[in-house]
Every structure is written in C-alpha cells, then in structure tokens.
Amino acid sequence: MSIPAELIGYGAAALTTASFFPQAVKTLKSGDTRAISLGMYTLFTCGVTLWTIYGVMAGDGPVIAANVITLIPAAVVLQRKLADQLR
C-alpha cells in the first residue's frame, strides 16, 4: 500500500495549521497579547509569508494551503500585538 507524498503533505499541513489555531483563537477572544512575544510573532508571520510565496513559486499545494490558512490569523494577532505595543 503506497500513500501519495502529496497526501502526506496535506496531512502534515492540516496538523501544523490546526496546532496554531487554539492560541490564535484564545488571543483574539481575550484581546490579551501581553504573553505574546512581538519578535516571535513578527518572525513567525514573515516566515509564513515566505513559505506561502515559496509554495506558489514551487506549485506545492500543501505548502500553499497550510500557509495561506495560517497567515490570516497570524497577521491579525500580530496587528493586535503591534497596536497594544503602541498604546
């Protein structure tokens, strides 16, 4: 029985993307960004952006899907953190 590499990729993308959401949802619901590192979230969001670009350039569906889905809440949380830093 052979599992296609792309199926493994989509499974990995689903798990890593899903693992990010509980923290993002908690932060967005509470509005509390004090425990979030600005540096970490900045690097994370930039990394996700670059992975998205790479996925598009390489035509890699699992990489594109995982990173586009992750980029949206990551960017929102980063924006909230930046806004809190400016207060």
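**Exercise 1. Overall build**

What percentage of the 87 residues in the protein chain do buried residues make up? Establish also the secondary structure and the extent of the chain.

*Solution.*
Step 1. The model is a predicted one. Buried residues account for 25% of the 87 residues in the protein chain.
Step 2. The protein chain contains three helices and zero strands, and its pattern along the sequence reads α-α-α.
Step 3. Helix α1 covers residues 5–30, helix α2 covers residues 38–58, and helix α3 covers 61–86.
Step 4. The C-alpha trace spans about 55 × 25 × 15 Å along its principal axes.
Step 5. The protein chain exposes about 5800 Å², and carbon and sulfur atoms supply 70% of this area.
Step 6. Among contacts with a separation of 6 or more, 74% come from residues 24 or more positions apart.

**Exercise 2. The nonpolar core**

Identify the residues of the largest nonpolar core and the elements that contribute to this core.

*Solution.*
Step 1. Seven residues make up the largest nonpolar core: F20, A24, I36, Y41, A74, V77 and L78.
Step 2. Two or more of these residues come from each of α1 and α3. Helix α3 gives the most, with three residues.
Step 3. Consider A74, which is placed in helix α3. Its relative accessibility is 0%; A74 therefore counts as buried, the limit being under 20%.
Step 4. Not counting residues up to four places away in sequence, A74 touches F20, Y41, F44 and T45.
Step 5. A74 and V25 are 49 residues apart in sequence, and their C-alpha atoms are 10 Å apart in space.

**Exercise 3. The surroundings of T45**

Is T45 buried or exposed? Which residues is T45 in contact with, leaving aside its neighbours within four places in sequence?

*Solution.*
Step 1. T45 belongs to helix α2.
Step 2. With a relative accessible area of 8%, T45 is buried.
Step 3. Leaving aside neighbours within four places in sequence, the contacts of T45 are L71, A74, A75 and L78.
Step 4. A74 and L78 are also members of the largest nonpolar core.

**Exercise 4. Aromatic pairs around F20**

How many aromatic pairs does the count come to? Classify the pairs that F20 makes with F21 and F44.

*Solution.*
Step 1. The count comes to five aromatic pairs.
Step 2. F20 and F21 are 6.0 Å apart, centre to centre, with 80° between the planes, and this pair is edge-to-face.
Step 3. For F20 and F44, the ring centres are 5.1 Å apart and the planes stand at 25°, so the pair is stacked. The cut-off needed here is a plane angle under 30 degrees.
Step 4. F20 lies in helix α1 and F44 in helix α2, so the stacked pair ties together parts that are 24 residues apart in sequence.
Step 5. The accessibilities of the rings' residues complete the description: F20 is buried at 10% relative accessible area, F21 is partly exposed at 28%, and F44 is partly exposed at 26%.
Step 6. F20, F21, Y41 and F44 form one aromatic cluster.
Step 7. Leaving aside neighbours within four places in sequence, F20 is in contact with Y41, F44, T70, P73 and A74.

**Exercise 5. Salt bridges**

How many salt bridges does the count come to? Describe the exposure of each partner.

*Solution.*
Step 1. Side chains of opposite charge can pair when their charged atoms come close.
Step 2. The count comes to two salt bridges.
Step 3. D32 and R34 meet through their side chains at 2.9 Å, N to O. D32 is partly exposed, with a relative accessible area of 33%, whereas R34 is exposed at 71%.
Step 4. The side chains of R87 and D84 meet in a salt bridge at 3.3 Å, N to O. R87 counts as exposed at 78% relative accessibility, whereas D84 is partly exposed, with a relative accessible area of 25%.

**Exercise 6. A nonpolar surface patch**

Which residues form a nonpolar patch on the surface? Locate I8 within the secondary structure.

*Solution.*
Step 1. The nonpolar patch is formed by M1, I3, L7 and I8.
Step 2. Together these residues have about 520 Å² of accessible area.
Step 3. Of the patch residues, I8 is placed in helix α1.

Note on methods: Residues numbered from 1 in each chain as written. Heavy atoms only, no water. Patch = residues over 30% accessible without salt bridge, like charges linked within 9 Å, V, L, I, M, F, W, Y side chains within 5 Å. Areas by Shrake-Rupley, 256 points an atom, 1.4 Å probe, with all protein chains shown as cover. Salt bridge = Lys/Arg side-chain N within 4 Å of Asp/Glu carboxyl O. Helix = DSSP H or I, 4+ residues; strand = E, 2+ residues; numbered from the N terminus. Phe/Tyr/Trp six-rings, centres within 6.5 Å; stacked < 30°, edge-to-face > 60°. Buried < 20%, exposed > 50% of the residue type's maximum accessible area, 1.4 Å probe, protein only. Core = buried A, V, L, I, M, F, W, Y, C linked by side-chain atoms within 4.5 Å. Contact = heavy atoms within 4.5 Å.
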